[in-house]
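Student: I should like to learn how to read a structure that is new to me. Where may we begin?

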Amino acid sequence: MVNTNQFIPGLEGVIASETKISFLDTVNSEIVIKGYDLLALSKTKGYLDIVHLLLEGTIPNEAEKQHLEETLKQEYDVPDEIIQVLSLLPKTAHPMDALRTGVSFLASFDTELLNREHSTNLKRAYQLLGKIPNIVANSYHILHSEEPVQPLQDLSYSANFLYMITGKKPTELEEKIFDRSLVLYSEHELPNSTFTARVIASTLSDLYGALTGAVASLKGHLHGGANEAVMEMLQDAQTVEGFKHLLHDKLSKKEKIMGFGHRVYMKKMDPRAAMMKEALKELSAVNGDDLLLQMCEAGEQIMREEKGLFPNLDYYAAPVYWKLGIPIPLYTPIFFSSRTVGLCAHVMEQHENNRIFRPRVLYTGARNLRVED
Ligand SMILES: CC(=O)SCCNC(=O)CCNC(=O)[C@H](O)C(C)(C)COP(=O)(O)OP(=O)(O)OC[C@H]1O[C@@H](n2cnc3c(N)ncnc32)[C@H](O)[C@@H]1OP(=O)(O)O
Ligand SMILES: O=C([O-])CC(=O)C(=O)O
């Protein structure tokens with residue numbers, strides 16, 4: 001029998017799900033994904049390796065990887081109706097809202113929504129992985145009155161995604177770094193968005209519904225929305241001195257600084273942030289412009305000294321995406337695109353070993369009120 005009187009704000013430290021998908025091992029500094037350390041994998045493996053690992057359970061050999069890429073490429077196209085629906089959105093809509101609409105709308109094309117068998121959910125996961133980059137890139141183009149960009153089949157999955165966003169074929173380095181960012185964002189145990197997806201799935205609702213809820217969760221600035229907020233701060237500040245001033249000013253007003261802190265890593269650096277910082281160094285070396293790197297390092301120092309806080313992945317992903325020529329409002333949608341695979345794995349696991357989430361409250365409201373006769 002569980003003690004229902006124990007209230008833990010934010011469910012900090014509470015074990016809310018049993019999973020074989022991933023685990024943050026903060027003692028050994030590992031992000032365990034299906035038995036492998038994601039950080040180690042990210043040095044030699046690409047996003048499609050992680051997709052195969054999360055959905056099929058193994059690191060693919062070359063033939064399996066090629067087959068996976070072909071499967072995804074066949075799913076790149078989205079129904080015309082999606083483009084029409086995106087075109088109806090007000091031009092002021094944020095691409096995360098467009099994405100939420102797009103993912104939700106995709107559900108209507110699935111004729112077996114009530115089927116939650118593993119094989120059906122797996123097929124859906126591949127369809128979503130194929131289509132979501134298209135929705136992300138083209139929602140931005142449509143919201144900016146630009147023509148939708150067609151996917152290029154001869155590019156790799158990640159190169160095509162970046163191409164569809166920027167309209168330019170990426171260099172080898174750009175492709176490698178973008179792919180690495182997708183690897184690092186792919187799966188992270190039980191953040192708010194994954195928990196949201198599992199809670200929705202636990203009612204035996206469908207994969208699209210669970211992912212639609214996860215988009216809404218990820219949009220918030222305390223979660224995925226932080227990467228956009230970081231880049232906006234860097235842009236506002238413009239110089240190293242400007243950024244220092246901006247951070248001191250925010251701290252003096254007791255404002256939170258986006259891109260710092262983490263519920264699980266707490267007072268340690270998110271190891272994924274360190275890897276994105278390396279990527280920022282590589283990109284900065286290309287044209288000898290390391291202003292963003294200098295600004296970020298100055299911010300890191302201030303936050304360490306003033307608050308004892310360290311960067312999370314969003315802090316260094318933001319300037320990396322800027323250097324890759326990606327518009328700021330697409331940073332969080334890209335995070336979601338990458339996380340689609342992790343979310344699908346979690347929803348499938350929930351469907352296959354389900355108990356509905358239904359916690360209790362600590363009631364602090366009024367009691368014993370009576371309506372007078
Ligand atoms: C990839 C990702 O999604 S990672 C998360 C991205 N989100 C952000 O970067 C947003 C900024 N960070 C935060 O808001 C938080 O650190 C979170 C949401 C990530 C974690 O939140 P929690 O675990 O609930 O920590 P909580 O907000 O209680 O913070 C604990 C203390 O550290 C402070 N703190 C935490 N993060 C920050 C921050 N970014 N800036 C300033 N102070 C902070 C809090 O003010 C609080 O101080 P107090 O005890 O004096 O009141
Ligand atoms: O784990 C979290 O709470 C947030 C996070 O870093 C992620 O989703 O990648």
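Tutor: Let us begin with a ligand, bearing in mind that this is a predicted model. One sorts the residues of the surrounding shell by class; around ligand 2 there are 3 nonpolar, 3 polar and 1 charged.

Student: Which residues are around ligand 2?

Tutor: They are His188, Pro191, His262, Arg263, Val264, Asn312 and Leu313.

Student: Which residues come nearest to ligand 1?

Tutor: Ala226, Phe260, Gly261, Arg263 and Asn312 come nearest, out of 18 residues around ligand 1. By class, that shell holds 7 nonpolar, 7 polar and 4 charged residues. Arg263 and Asn312 are also listed around ligand 2.

Student: How is the chain divided into domains?

Tutor: Domain 1 takes in 30-217 + 328-352, and domain 2 takes in 226-323. Their C-alpha centres are 26 Å apart. To the contact between them, domain 1 contributes 14 residues and domain 2 contributes 17 residues.

Student: Which elements give two or more residues to the side of domain 1 that touches domain 2?

Tutor: Helix H1 (38-44), helix H8 (172-185) and helix H16 (331-352) do so. H8 gives the most, with 6 residues. Sorted by class, this side of domain 1 has 10 nonpolar, 3 polar and 1 charged residues.

Student: Where does the largest nonpolar core lie with respect to the domains?

Tutor: Here one asks which domains supply its residues. The core has 98 residues, and Leu211, Met276, Val320 and Cys344 have the most contacts inside it. Both domain 1 and domain 2 give residues to this core, so it lies between them.

Student: What is Met276 in contact with, leaving aside its neighbours within four places in sequence?

Tutor: Met276 is in contact with Ser181, Leu184, Leu313, Tyr316, Ala317 and Val320. Of these, Leu313 also appears around ligand 2.

Student: How should I read a single helix, for example H5?

Tutor: As a general idea, an α-helix has 3.6 residues a turn, so residues three or four places apart point the same way. One may also check the length. Helix H5 (residues 95-107) has 13 residues, which at 1.5 Å a residue should span 18 Å; its end C-alpha atoms are 19 Å apart, which agrees.

Student: Which residues of H5 are buried, and what do they pack against?

Tutor: The buried residues are Pro95, Met96, Ala98, Leu99, Arg100, Thr101, Gly102, Val103 and Leu106. They pack against helix H4 (80-88), helix H6 (118-143), helix H10 (207-219) and H16. H16 is also among the elements on the side of domain 1 that touches domain 2.

Definitions and conventions: Residues numbered from 1 in each chain as written. Chains lettered and ligands numbered in written order. Predicted model: local features only at pLDDT ≥ 70, side-chain atom pairs only at ≥ 80, totals over all residues. Domains from an automatic or database assignment. Contact = placed C-beta atoms within 7 Å. Helix = DSSP H or I, 4+ residues; strand = E, 2+ residues; numbered from the N terminus. Nonpolar A, V, L, I, M, F, W, Y, C, P; charged D, E, K, R; others polar. Core = buried A, V, L, I, M, F, W, Y, C linked by C-beta atoms within 7 Å. Buried ≥ 20, exposed ≤ 12 C-beta atoms within 10 Å, placed from the backbone. Near = placed C-beta within 6 Å. Expected span 1.5 Å × (residues − 1).
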